[in-house]
Protein chains: 2
Amino acid sequence: MTRTVYVNGEYKPENEATVSIFDRGFLFADGVYEVTSVLGGKLLDFDAHAVRLQRSLDELEMRNPISKEDLLEVHRELVRANNIQEGLVYLQITRGAADRDFAYPGDDVEPTIVLFTQSKPGLANSPMAQKGMKVISIEDQRWGRRDIKTVQLLYPSMGKMAAKAAGADDAWMIEDGMVTEGTSNNAYIVKGDTIVTRHLSNEILHGITRAAVLRFAREAQMKVEERSFTLDEAKDADEAFITSASTFVMPVVDIDGKAIGTGKPGSVAARLREIYLEESLKSAI
Amino acid sequence: MTRTVYVNGEYKPENEATVSIFDRGFLFADGVYEVTSVLGGKLLDFDAHAVRLQRSLDELEMRNPISKEDLLEVHRELVRANNIQEGLVYLQITRGAADRDFAYPGDDVEPTIVLFTQSKPGLANSPMAQKGMKVISIEDQRWGRRDIKTVQLLYPSMGKMAAKAAGADDAWMIEDGMVTEGTSNNAYIVKGDTIVTRHLSNEILHGITRAAVLRFAREAQMKVEERSFTLDEAKDADEAFITSASTFVMPVVDIDGKAIGTGKPGSVAARLREIYLEESLKSAI
C-alpha cells in the first residue's frame, strides 16, 4: 500500500515525495522533527509536541511555516488517509533549499515541511512491555544541544546498531560516568520507592512522554528525583525503564548483561505504563 | 543559468534534482561528503578526497555506490557541463532511502549519491587573502567523531552565523581550553619560525589541504609542530591562518577582536598559500 504523505502544502503518494538536493536538511542536518503517537486513531500529546517543535525552531532561529491549527489538521488528515489506528506521525521542518553555504539563507527561502505516518499495529500491547528490553552502555558522543530535537541522529543510529550487534534492544549513553539517555528515549531507574531520572538540561531531550509520566507519577504519590545517575547505580537498581512517544513506558531488564532487579519487568514501570496509556488516551485528540 | 547536477546515475537540471523524503541523509544526517576545488577547470587533490571519502564510508559501514574512476568522470563531466573554471565540486553519499528506523536498512537499499558544482570566479585571487580574516572563538559543541566528514553540520553553521553577527568571518572552536578547528577549516598559528596546528585525532577533520600544506611546509624546511594550542597562545601568536579545500591557505588577522601579530596577513601564510596553489595546480587533473 502506498502511503499518502505531506510535503510543503501538498498531499502526495510516498513514492513521489521528494525534497531538493539543496535542502539544508539534506546538506547540513539543518532541521528539526517531532514524532507523535496515534492510538485508537487519535493523537497523543499533540499540544506538547507543537510547543516543543516551536522551541526547537526558536533555538535555531528557524521560521515556522505552519500554524498549530493547520499542523493539527495535516496530522489528522494523514491519520485518516492512511487509516492509522495505532502508529506514529513524523514531522520534519528544515530551513529550506538554498545554494550550499554554511551561513543561513535569507528570509525569502521557504522552510521545508514534511509529514508522514507509520502504521504500528499492536503499539499499545507491545510484547516488549511484557518481556522487557536489554540495553548496552555506550559513550555519549553526540553534540552539546540535545535539548533541540534536530535530525543530527547519526550517533543514536550507530548506537542502535551497536546494540543490535550485541544482541540488545537499545543503548544507554554515558557522559562523565553518568547516564544521559537512550538513543531515542529518556532513561529511568527505580531504587526502593524512588524513581530517578536525569534532570533537564542541554544534555538530554526534554521528552514529552517524560513530562507526562513524571506528572502522573507525582499525582500517584510516587517519589521522583530528577538528577544524574551513574551506570553502576543503574545496574544496582531495583528496576529500570525508558519513556518515549513511540514506546510510552518500556521496562529495561538487562544492562550490559547484568540483570536489573529480578530480571523481569518491574511493577513501577508496569504501573506507569498503564497510567500513561489510560490518561493519554483520555486526552487524545 | 541552470546548473547540471548528478543524482543517482543521472545528469539533470538542478531544479529537477531531488531525493526522497525518506532519504537517510534527510532524516538522520546519515551521510558523508567531500568538496573538491577546481582551478583552471581542473580538480585539485582529487585522489586524496576519494581516499578520505572511502574512509568516511568505512567508518560508518556505508557502501560506496561508485568506483573511483566513475567518480572522477562525474566530477569532470559536471565541471565541463557547467563550464567551471574556478569553483567547487560537492559530493554527498547517504545510506539511501528507507522507511524511517534508527537501525540501518538492509543491503538491498541503494546508497544515494549527489554531486553539484559551485562556480567561484576569483577563488584563487580572493581579496580575503590580501586582507585577512577575522575570527571569533566559540565553544566546540560538535559530536565526537569529527574525523568522519558527515553532513551533521548544524553547529558549524550556527558558528558561522555567530561570527557574522559579531562582524567576523568565521569561528574557531574551543574544547577544554584548546582550539580544535574552524567551522569548515583547520586552524594554525605561527610563533617564531614554528607552524603549530592540532594533531590528528577524532577531534578534528583530517584536512586534505592540511596534509598537503604541511608536506609543502616541511619540504620548504619550515618547522611544523602538530599539537593542541590554547586560545591565548593563538592570540599571542605572530601569525594565524586556516586551510581548507575551498579557501586553500587564508590568513587570520584578528581573533576575538585581538589583532594577531601586526594585524596584517603574515609572510608564512602568504608563502604557504603561494606554494600550495602552485604545487596543487601542477598536479591538478
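**Exercise 1. Helix α5 of chain A**

Task: In this predicted model, compare the reach of helix α5 (residues 154-165) of chain A with the expected value, and establish which of its residues are buried and what covers them.

Solution. Begin with the length: α5(A) has 12 residues and spans 16 Å from its first C-alpha to its last, which is close to the 16 Å expected at 1.5 Å a residue. Next, apply the cut-off for burial, under 20% relative accessible area; the residues of α5(A) that count as buried are Leu154(A), Tyr155(A), Pro156(A), Ser157(A), Met158(A), Gly159(A), Lys160(A) and Ala163(A). Then look for the cover over these buried residues, which includes β8 (133-139) and β9 (170-175) of chain A and also α1 (24-28) of chain B. Finally, follow the chain past the helix, where Gly167(A) has a positive phi, near 75 degrees.

**Exercise 2. The two copies**

Task: Determine how chain A is superposed on chain B, and through which surface the copies meet.

Solution. The operation that superposes chain A on chain B is a rotation of 180 degrees with 0.0 Å of shift along its axis, and the RMSD is 0.0 Å. The two copies are thus related as by a two-fold rotation axis. For the second part, consider the interface residues: 100% of those of chain A are also interface residues in chain B, so the copies meet through the same surface.

**Exercise 3. Packing of α6 and α8 in chain A**

Task: Describe how helix α6 (residues 208-219) and helix α8 (residues 267-283) of chain A pack, and classify the residues of their contact.

Solution. Two packed helices are described by the angle between their axes and the distance between the axes. Here the angle is about 105 degrees and the axes of α6(A) and α8(A) are 10 Å apart. Angles of 65 to 115 degrees count as roughly perpendicular, and α6(A) and α8(A) are therefore roughly perpendicular to each other. On the α6(A) side the contact involves Thr209(A), Ala212(A), Val213(A), Phe216(A) and Ala217(A), which meet Leu272(A), Ile275(A), Tyr276(A), Glu279(A) and Ser280(A) of α8(A). Sorted by class, the residues of this contact of α6(A) with α8(A) are 7 nonpolar, 2 polar and 1 charged.

**Exercise 4. Helix α6 of chain B**

Task: Identify the buried residues of α6(B), and find what phi Gln221(B) takes just after the helix.

Solution. Helix α6 (residues 208-219) of chain B has 12 residues and reaches 17 Å between its first and last C-alpha, close to the 16 Å expected at 1.5 Å a residue. Its buried residues are Ile208(B), Thr209(B), Arg210(B), Ala212(B), Val213(B), Leu214(B), Phe216(B) and Ala217(B). Just after α6(B), Gln221(B) takes a positive phi of about 65 degrees.

**Exercise 5. Individual residues of chain A**

Task: Place Phe248(A), Asp256(A) and His206(A) in the structure, and decide whether each is buried or partly exposed.

Solution. Phe248(A) lies in strand β15 (residues 248-255) of chain A, and its phi is positive, about 60 degrees, although it is not a glycine. At 0% relative accessibility, Phe248(A) counts as buried. Asp256(A) is in the loop between β15 and β16 (258-259) of chain A; its phi, near 55 degrees, is likewise positive in a residue other than glycine, and with a relative accessible area of 32% Asp256(A) is partly exposed. His206(A) sits in the loop between β12 (194-197) and α6 of chain A and is partly exposed, at 23% relative accessible area. Leaving aside residues up to four places away in sequence, His206(A) touches Arg52(A), Arg55(A), Asp147(A), Leu200(A) and Ser201(A).

Key
Residues are numbered from 1 along each chain as its sequence is written. Chains are lettered from A and ligands numbered from 1 in the order in which they are written. This is a predicted model: local features need pLDDT of at least 70, side-chain atom pairs count only at pLDDT 80 or more; totals for chains, interfaces and linings use all residues. Side-chain values use heavy atoms; hydrogens and water are left out. Copies are superposed by least squares on the C-alpha atoms of residues with pLDDT of at least 70 in both. Contact means heavy atoms within 4.5 Å. Axes are lines fitted to C-alpha atoms, for helices over the stretch in contact, and angles run from 0 to 180 degrees between N-to-C directions. Helices (H or I, at least four residues) and strands (E, at least two) are DSSP runs, numbered from the N terminus. Angles under 35 degrees count as roughly parallel, over 145 as roughly antiparallel, 65 to 115 as roughly perpendicular and the rest as oblique. Ala, Val, Leu, Ile, Met, Phe, Trp, Tyr, Cys and Pro count as nonpolar, Asp, Glu, Lys and Arg as charged, and the others, Gly among them, as polar. The expected span of a helix is 1.5 Å times one less than its number of residues. Buried means under 20% relative accessible area, exposed over 50%, partly exposed in between (1.4 Å probe, protein chains only).
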